[in-house]
Amino acid sequence: MTAIQISAAFDSGNIEVLSIDGTDARLAIRRDRESEFFQWFHFRVSGAGGRELVLKITGLNGSAYPMGWPGYRACVSEDRQFWGRCDTAYDADEGGTLTIRYTPAGDLAWFAYFAPYSMERHDDLIARIASTTGFSHRTLATTLDGRALDCLEVGTGPTQVWFYARQHPGESMAEWFMEGALELLADESNSIARELRKRCRLHLVPNVNPDGSARGHLRTNAAGVNLNREWLNPTPERSPEVLGLRAAMDETGVDFAMDVHGDEAIPAVFLAGFEGIPSLQLEQSEGFRRYATLLERRTPDFQTARGYPVTPAGKGNLTMSTNQLAERFVSRNCVSMTLEMPFKDHDDAADPRQGWSPERSKQLGRDCLGALLEWLETRES
């Protein structure tokens with residue numbers, strides 16, 4: 001039997017091949033550079049057309065979030081356009097093994113932890129939106145690997161709104177979300193976009209961690225640093241991305257901010273807030289609750305019953321962006337939040353074919369902007 005070939009030598013690729021026997025393979029996930037984090041995988045299998053693949057990813061009890069594997073199904077694509085889900089099982093014994101079974105119709109199939117968002121697609125998105133009427137572009141920082149930290153801006157209103165995504169590069173659903181949001185804002189025929197552009201100045205950073213994205217990291221940048229623990233004291237040596245982004249926010253001020261993420265274990269879309277910050281104001285808390293209520297009413301792809309535990313008063317971690325911004329701009333009654341999407345599915349509105357998907361991430365981006373407009377109307381009334 002002719003053996004398959006497996007490769008991850010491409011943008012966001014990550015896998016180590018331990019052994020191949022025909023169409024069976026034993027694999028392991030490479031750790032983020034200078035870090036113990038690992039969970040993201042992305043690789044290509046060739047030479048298996050019409051034959052069942054049995055791919056075993058081993059050693060996962062030591063991964064960043066082992067509780068994320070039960071109930072998870074791997075993403076697969078044969079054209080790199082449509083990403084579906086395939087038969088996947090997790091066995092916690094003997095170090096933890098994820099077994100993926102799939103029979104490709106053609107000779108090539110790509111597998112990933114979630115549908116990848118490539119740096120090539122990122123560059124296309126930046127170029128397309130930056131050339132749209134009303135938009136401007138600026139580079140907020142240069143990363144440790146020499147990449148640009150791109151920010152797209154639009155709108156003439158006084159309210160300063162920031163959306164930023166992929167502090168954790170393996171959470172690729174976050175940039176799919178940003179693509180959906182940017183496409184809505186660039187549509188001059190869209191009434192929500194027109195109103196937001198009149199009421200707000202919107203700043204959107206689709207990928208805060210391009211180095212980690214290209215390297216195939218789960219949570220860290222080129223230095224092995226978790227950027228969402230750098231917001232209190234960012235440095236050019238460790239976290240130029242946060243240093244540049246936070247400086248830009250200081251220039252404009254922040255009235256509303258959303259940090260877009262993905263969660264490995266919870267099969268739901270949810271928000272996390274800033275209830276533990278030292279200077280918490282009632283108007284901030286009410287603004288956060290009001291936005292969550294509006295978003296839940298707007299889309300069945302969001303809920304408020306499940307999420308992270310509430311942080312006790314005064315215990316908010318100011319190294320994290322959502323807490324740091326709410327505290328830093330408390331005089332503006334800043335409402336900041338972390339949006340989490342699942343790697344698995346949103347069980348309240350499940351999709352057996354794709355699970356949570358790029359398409360639903362993009363739609364959620366549009367829905368969040370619609371909820372923002374409603375939120376602004378209630379805030380101003």
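This is a tour of a predicted model, with selections to make in the viewer and what each one shows.

The model is predicted, so local features need pLDDT of at least 70 and side-chain atom pairs count only at pLDDT 80 or more, while totals for chains, interfaces and linings use all residues. Residues are numbered from 1 along each chain as its sequence is written, and side-chain values use heavy atoms, with hydrogens and water left out.

**Stop 1: strand E13**

Select residues 159-165, which form strand E13. Helices (H or I, at least four residues) and strands (E, at least two) are DSSP runs, numbered from the N terminus. Seven of the seven residues of E13 are buried, so this strand is largely enclosed by the rest of the structure. Buried means under 20% relative accessible area, exposed over 50%, and partly exposed in between (1.4 Å probe, protein chains only). One side of E13 carries Thr-159, Val-161, Phe-163 and Ala-165, the other Gln-160, Trp-162 and Tyr-164, and both faces are covered.

Add strand E14, residues 200-205, which pairs with E13 in the parallel sense over six bridges. Two strands pair if DSSP finds at least two bridges between them. Gln-160 has Arg-201 of E14 as its bridge partner. Then add E15, which runs parallel to E13 and is joined to E13 by five bridges. Here the bridge partner of Val-161 is Phe-256.

**Stop 2: helix H2**

Select residues 173-185, helix H2. From first C-alpha to last, this 13-residue helix reaches 19 Å, close to the 18 Å expected at 1.5 Å a residue. The expected span is 1.5 Å times one less than the number of residues. Is H2 mostly covered or uncovered? H2 is mostly covered, with twelve of its 13 residues buried. Among the buried residues are Trp-176, Phe-177 and Glu-179.

**Stop 3: salt bridges**

A salt bridge is a side-chain nitrogen of Lys or Arg within 4 Å of a carboxyl oxygen of Asp or Glu. The structure holds 25 of these salt bridges.

Show the side chains of Arg-121 and Glu-179, which meet in a salt bridge at 2.9 Å, N to O. This pair links distant parts of the chain, with Arg-121 in helix H1 and Glu-179 in helix H2, 58 residues apart. Arg-121 is partly exposed at 32% relative accessibility, whereas Glu-179 is buried at 2%. Now select Arg-121, Arg-128, Glu-179, Glu-183, Lys-362 and Arg-366 together: these residues are linked in a network of salt bridges.

Next, show Arg-138 and Glu-153, whose side chains form a salt bridge at 3.0 Å, N to O. Arg-138 is in strand E11 (residues 136-142) and Glu-153 in strand E12 (residues 148-154), 15 residues apart. Arg-138 is partly exposed, with a relative accessible area of 23%, and Glu-153 is buried at 7%.

For another pair, show Asp-250 and Arg-328, where the closest N and O atoms of the salt bridge are 2.8 Å apart. Asp-250 lies in helix H5 (residues 240-252) and Arg-328 in helix H7, so the pair ties together parts that are 78 residues apart in sequence. Both count as partly exposed, Asp-250 at 38% and Arg-328 at 31%.

**Stop 4: the second largest pocket**

On a 1 Å grid over the protein atoms alone, a pocket is an open set of points where a 1.4 Å probe fits, with protein on both sides within 12 Å along at least five of seven lines; lining residues have an atom within 4 Å of a point.

Select Arg-80, Pro-116, Ser-118, Arg-121 and Trp-176, the closest to the centre of the second largest pocket among the 17 residues that line this pocket. The volume is about 410 Å³. Helices H1 (119-130) and H8 (358-380) each supply at least two residues of the lining.

**Stop 5: the largest pocket**

Which residues lie nearest the centre of the largest pocket? Select Leu-271, Ala-272, Gly-273, Tyr-308 and Pro-309, out of a lining of 40 residues. The volume of this pocket is about 920 Å³. H6 gives the most to the lining, with five residues.

Finish on helix H6, residues 282-298. The buried residues in H6 include Phe-288, Tyr-291 and Leu-295. The end C-alpha atoms of H6 are 24 Å apart, which agrees with the 24 Å expected for 17 residues at 1.5 Å a residue.

Definitions and conventions:
Points joined across faces, edges and corners; volume = space filled by probe spheres on them.
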